[in-house]
Amino acid sequence: MEQQKFNNGYVIGISFISALGGYLFGFDFAVIAGALPFLKEQFHFDEVQEGVATATLAIGCIAGCIIAGSLSDRYGRKKGLMLSAAIFLLSSLAMAISHSSAAFIIARFFAGIGVGMASVLSPMYIAEIAPPSMRGRLVAINQMTVVIGIFVTNLVNYSLRNEGSEAWRWMVGLGAIPSFLFLSGVLLLPESPHWLINRSKKEKAHAILSKIGGNLYATTTAESIRASLTQGASTGLSQLFDKTVLPAVIVGMGLAIFQQLCGINVVFNYTATIFESVGFSQDDQLRQMVFIGLVNMICTAVAMWQVDKLGRKPLMLFGAIGLTLLYLISAFLLQQQSTSASWSLLAAIGIYAMTLAPVTWVLIAEIFPNRVRSKATSVAIIALWLSYALLTFTFPIMAKRMGTYTPFYIYAAICLAGYVFVKIKVKETKGKSLEEMDHIFSGH
């Protein structure tokens, strides 16, 4: 398999189109940071309402994850991606014309449904299309589009900063453009060969696999997929408690929870709150968002280059211990109200972007057995979004009552615990086929 020649341009092209779902994730994730100061002024949010407005996206994402698993099993990965793009397109426009906080929050909830569906389906689709030797890099394309979405959105937010009290309408409404491009691109995608074989559409699957790696690759891969699918019939969520599946589910959920509760997303979502506490002006706060997006993008590119070379586990361990140390430094500097905290937090963003951010998505996309992949992926990503909701809801409350520095001491402790979890529970998956995952993480 190592010497196999693949149609790299074709595989990269369809992976990139699918990964545009990640751009929508990055957009909606970042846009709230720029819009929040304007929304707080217009709708008079207190710290609880601020947390609700931010965390509502995650609640919608949970609903999207639930929809994505069953819908993609029944109708295919492609149709699921199309629906997620359409929902995001309409919700972006609805947020832009909102005239009350309730209307904005409801529209953001629906945006979350679109993002949640894409967060399950984009990496899963890429993992099912990608050859084993390229899978890490290709799934990491999804994370790259996330960070490009964050960077471009931060840049747009900064450029709109002087457009008046309703600049937030342009900030959120511009999400309609990438949504339309994503929807148009998905129409060109082939269906996942794994889904086609599961639906006994062998000829269509063989044609797609042949285009990826030739006739021999198509034949051997189709046989492996068929063999893995016949090892056990999916019987709903109860299948996830099977002793051969549960260990992978525990690892997937653990990684998803760790990726969020490690705390880095408060830096993305509450940049203004954090840097206001050390004396930055609103202009400086928005400029910091641009720097954060740039560092995030550069370091994610490094991760894409290394994930299939260094492997998944070493990068996760490095990220966990690196964040532990940088959070301790950041907490101390924030406590001293030092503007130098911006540097340690930028370094934390860089470490996260090279490690936990992309590698968690790679692992979640690849560690589950074929017969339960969509359900297990949905469960893991639901755990991720629940953790994100908890994180983003609690931060403004803790920051208001205990100071912006206190949460970072808590996040440092969580990162240390995450290091221990990865060390004990995570096994290396570099270069392994999806069909081999049945044995790598299976219980005995």
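Arg-161 sits in the loop that runs between helix H5 (135–159) and helix H6 (167–173). Keep in mind that this is a predicted model. Arg-161 is partly exposed, with a relative accessible area of 22%. From there, we'll go through the salt bridges, the aromatic pairs and one helix packing.

**Around Arg-161**

- Leaving out residues up to four places away in sequence, Arg-161 touches Phe-38, Asp-283 and Leu-286.
- Ile-257 is 96 residues from Arg-161 in sequence, and their C-alpha atoms are 34 Å apart in space.

**Salt bridges**

- The count for the structure comes to 9 salt bridges.
- Four residues, Asp-73, Arg-77, Glu-128 and Lys-375, are tied together in a salt-bridge network.
- Inside that network, Asp-73 pairs with Arg-77, and their closest N and O atoms are 3.2 Å apart.
- Arg-77 also meets Glu-128 in a salt bridge, this time at 2.9 Å from N to O.
- That Glu-128 to Arg-77 pair joins distant parts of the chain, since Glu-128 belongs to helix H4 (residues 101–129) and Arg-77 to helix H3 (residues 77–96), 51 residues apart.
- Are these two partners buried or exposed? Arg-77 is buried, with a relative accessible area of 5%, and Glu-128 counts as buried too, at 2%.
- Elsewhere, the side chains of Glu-166 and Arg-169 form a salt bridge at 3.0 Å, N to O.
- Here the two ends fall into separate classes: Glu-166 has a relative accessible area of 38%, so it is partly exposed, while Arg-169 comes in at 12% and therefore counts as buried.

**Aromatic pairs**

- The structure holds 14 aromatic pairs.
- One of them is Phe-25 with Trp-385, an edge-to-face pair with ring centres 5.1 Å apart and 65° between the planes.
- This pair bridges distant parts of the chain: Phe-25 is in helix H1 (residues 8–43) and Trp-385 is in helix H18, 360 residues apart.
- Both rings are tucked away from the surface by the numbers, with Phe-25 buried at a relative accessible area of 9% and Trp-385 buried at 1%.
- Trp-385 has another partner, Tyr-388, again edge-to-face, at 5.6 Å centre to centre and 85° between the planes.
- Because Trp-385 and Tyr-388 are 3 residues apart in helix H18, about one helical turn separates them.
- Tyr-388 is buried, just like Trp-385.
- There is also a cluster, in which ring pairs link Tyr-270, Tyr-327, Phe-395, Phe-408 and Tyr-411.

**Helix H18 against helix H19**

- Helix H18 (residues 373–402) packs with helix H19 (residues 406–425) at an angle of about 135°, and the axes are 8 Å apart.
- An angle between 115 and 145 degrees is neither roughly perpendicular nor roughly antiparallel, so H18 is oblique to H19.
- Which residues of each helix make the contact? H18 brings Leu-391, Phe-395, Met-398 and Met-402, and H19 brings Thr-406, Pro-407, Phe-408, Ile-410 and Tyr-411.
- Sorted by class, that contact has 8 nonpolar residues, 1 polar residue and no charged ones.
- Phe-395 of H18 and Phe-408 and Tyr-411 of H19 take part in this contact, and these three are also among the residues of the aromatic cluster.

Conventions:
Residues are numbered from 1 along each chain as its sequence is written. This is a predicted model: local features need pLDDT of at least 70, side-chain atom pairs count only at pLDDT 80 or more; totals for chains, interfaces and linings use all residues. Side-chain values use heavy atoms; hydrogens and water are left out. Axes are lines fitted to C-alpha atoms, for helices over the stretch in contact, and angles run from 0 to 180 degrees between N-to-C directions. Helices (H or I, at least four residues) and strands (E, at least two) are DSSP runs, numbered from the N terminus. Angles under 35 degrees count as roughly parallel, over 145 as roughly antiparallel, 65 to 115 as roughly perpendicular and the rest as oblique. Contact means heavy atoms within 4.5 Å. Ala, Val, Leu, Ile, Met, Phe, Trp, Tyr, Cys and Pro count as nonpolar, Asp, Glu, Lys and Arg as charged, and the others, Gly among them, as polar. Buried means under 20% relative accessible area, exposed over 50%, partly exposed in between (1.4 Å probe, protein chains only). Rings of Phe, Tyr and Trp (its six-membered ring) pair if their centres lie within 6.5 Å; planes under 30 degrees apart count as stacked, over 60 as edge-to-face and the rest as tilted.
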